[in-house]
Amino acid sequence: MARRGSSHSKVTITVDEYSSNPTQAFTHYNINQSRFQPPHVHMVEPIPYDAPKPAGHTRFVCVSDTHSRTDGIQMPYGDVLLHTGDFTELGLPSEVKKFNDWLGSLPYEYKVVIAGNHELTFDKDFMADLVKQDYYRFPSVSKLRPEDFDNVQSLLTNCIYLQDSEVTIKGFRIYGAPWTPWFNGWGFNLPRGQSLLDKWNQIPEDIDILMTHGPPLGFRDWVPKELQRVGCVELLNTVQRRVRPKLHVYGGIHEGYGLMTDGYTTFINSSTCTVSFQPTNPPIVFDLPNPGSS
Ligand SMILES: Nc1nc2c(ncn2[C@@H]2O[C@H](COP(=O)(O)O)[C@@H](O)[C@H]2O)c(=O)[nH]1
Ligand SMILES: [Mn+2]
Ligand SMILES: [Mn+2]
């Protein structure tokens, strides 16, 4: 699961023996390692919007899974907006333009965005396969000409778009990745295990804020209608044993909206839409001390 190399202290994550069954993984690690138990692991109350920002801090505003339903979302004060994917329903260029216009109307100094499984046109491999496979599944996407979506990322002029890449903002190293465990064959879906681990292995150490579309195992990843945990086991091991960011932000599982901590990393599932795709979960704000300030 995690090995420390001999010459340097770099930790290597390997595929977990419970990788393919996150519900079983959760039960096993909870019983045998108390891995998801208090006092370290617990829920966190969100900061009220009117709480003053402490001196020497940056305020992050987290949203996710807005699914082209941004009208009416009340956006709080903050410095940096983080959107962790599913900003559209299908990744149609018209939806991306509308989302970009919304971003342009917001006052934050920086806006950082990743894609989710609904941003089909952002996933080049998915689009290449679409014509060969299930033409009628996404008719409006299949109708697009390559020139309509080849540069779809360039429509996001009002934010920094991350895809297996990082940016440093106000001294914070922020890394973003769109991948989620395979579920119904959407964009950026990969099998659990080595395929996803290969993506997580691209995340550098010393990242302060990790943005993914989906949750890690055990932290706001419960799907009540199926009585299942669906978070990625390799993502959890990568976050807790190798990267150790101060903040891990995601969405993906709309029912998991809320905050938790493991005593070191704060985990925020900021899904704006509920499971019935109503955009009623408020944006979550989080303050972090600026790097280098004491
Ligand atoms: N059992 C699983 N359910 C999942 C998974 N990923 C998503 N979901 C469910 O769908 C909704 C909406 O997700 P979206 O990507 O279509 O916006 C989510 O809230 C879950 O209820 C999964 O991997 N396994
Ligand atoms: Mn979603
Ligand atoms: Mn999603």
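Me: A residue counts as buried if its relative accessible area is under 20%, and as exposed if it is over 50%. The model discussed here is a predicted one. With a relative accessibility of 2%, does Asp86 count as buried or exposed?

Reply: The cut-off for a buried residue is a relative accessible area under 20%. Asp86 has a relative accessibility of 2%, so Asp86 counts as buried.

Me: Which residues coordinate the manganese ion (ligand 2)?

Reply: Along the sequence, the donor residues of the manganese ion (ligand 2) follow the spacing D-x1-H-x18-D-x167-H. Their donor atoms lie at 2.1 to 2.3 Å from the manganese ion (ligand 2). The coordinating residues are Asp65 (OD), His67 (NE2), Asp86 (OD) and His254 (NE2).

Me: How many residues apart in sequence are the parts that Asp65 and Asp86 tie together?

Reply: Both Asp65 and Asp86 coordinate the manganese ion (ligand 2). Asp65 lies in the loop between strand E4 (57-63) and E5, whereas Asp86 lies in the loop between E5 and H2, so this pair ties together parts whose separation in sequence is 21 residues.

Me: At 0% relative accessibility, is Asp65 counted as buried or exposed?

Reply: The same cut-off of under 20% is needed here. Since the relative accessibility of Asp65 is 0%, Asp65 is counted as buried.

Me: Which residues coordinate the manganese ion (ligand 3)?

Reply: The donors of the manganese ion (ligand 3) have the spacing D-x30-N-x95-H along the chain. They stand at 2.0 to 2.3 Å from the manganese ion (ligand 3). The residues in question are Asp86 (OD), Asn117 (OD1) and His213 (NE2).

Me: Where in the chain do Asp86 and Asn117 lie?

Reply: Asp86 and Asn117 link distant parts of the chain, 31 residues apart. Asp86 is in the loop between E5 and H2, and Asn117 is in the loop between E6 and helix H3 (124-130).

Me: Which residue coordinates both the manganese ion (ligand 2) and the manganese ion (ligand 3)?

Reply: The two manganese ions are 3.4 Å apart. Ligand 2 has Asp65, His67, Asp86 and His254 as its coordinating residues, and ligand 3 has Asp86, Asn117 and His213. The residue that coordinates both ions is Asp86.

Me: In what order do the 5 strands of the open sheet stand?

Reply: The pairing in this open sheet is mixed. The edge strands, each pairing on one side only, are E7 and strand E18 (284-289). The order of the 5 strands is E7-E6-E5-E4-E18.

Me: Which residue in E5 stands opposite Phe60?

Reply: E4 and E5 are joined by 4 bridges and pair in the parallel sense. Opposite Phe60, in E5, stands Val80.

Me: What is the bridge partner of His83 in E6?

Reply: Strand E5 (residues 80-84) pairs with E6 in the parallel sense over 5 bridges. The chain passes from E5 through helix H2 (residues 93-104) to E6, a β-α-β crossover that is right-handed. Within E6, the bridge partner of His83 is Val113.

Me: How many residues of strand E6 (residues 110-114) are buried?

Reply: E6 also pairs in the parallel sense with strand E7 (residues 160-161), over 2 bridges. In that pairing, Val112 stands opposite Ile160. Strand E6 is mostly covered, and of its 5 residues the number buried is 4.

Me: Which residues of the lining lie nearest the centre of the largest pocket?

Reply: The largest pocket holds about 620 Å³ of space. Its lining divides by class into 11 nonpolar, 11 polar and 5 charged residues. Of the 27 lining residues, those nearest the centre are Asn117, Phe183, Val223, Gly252 and Ile253.

Me: Is Asn117, at 14% relative accessibility, buried or exposed?

Reply: Asn117 belongs to the lining of the largest pocket. Its relative accessibility is nevertheless 14%, and therefore Asn117 counts as buried.

Me: Which element gives the most residues to the lining of the second largest pocket?

Reply: The second largest pocket has a volume of about 310 Å³, and 16 residues line it. Two or more of these residues come from each of H3 and strand E11 (189-190). With 4 residues, the element that gives the most is H3.

Definitions and conventions
Residues numbered from 1 in each chain as written. Chains lettered and ligands numbered in written order. Predicted model: local features only at pLDDT ≥ 70, side-chain atom pairs only at ≥ 80, totals over all residues. Heavy atoms only, no water. Buried < 20%, exposed > 50% of the residue type's maximum accessible area, 1.4 Å probe, protein only. Pairing = 2+ DSSP bridges. Right-handed = clockwise from strand over helix to strand, strands pointing away. Donors = N, O, S within 2.8 Å, 3.2 Å for Na, K, Ca; no water. 1 Å grid on protein atoms, 1.4 Å probe; cavity = no way out; pocket = protein on both sides within 12 Å on 5 of 7 lines; lining within 4 Å. Points joined across faces, edges and corners; volume = space filled by probe spheres on them. Nonpolar A, V, L, I, M, F, W, Y, C, P; charged D, E, K, R; others polar.
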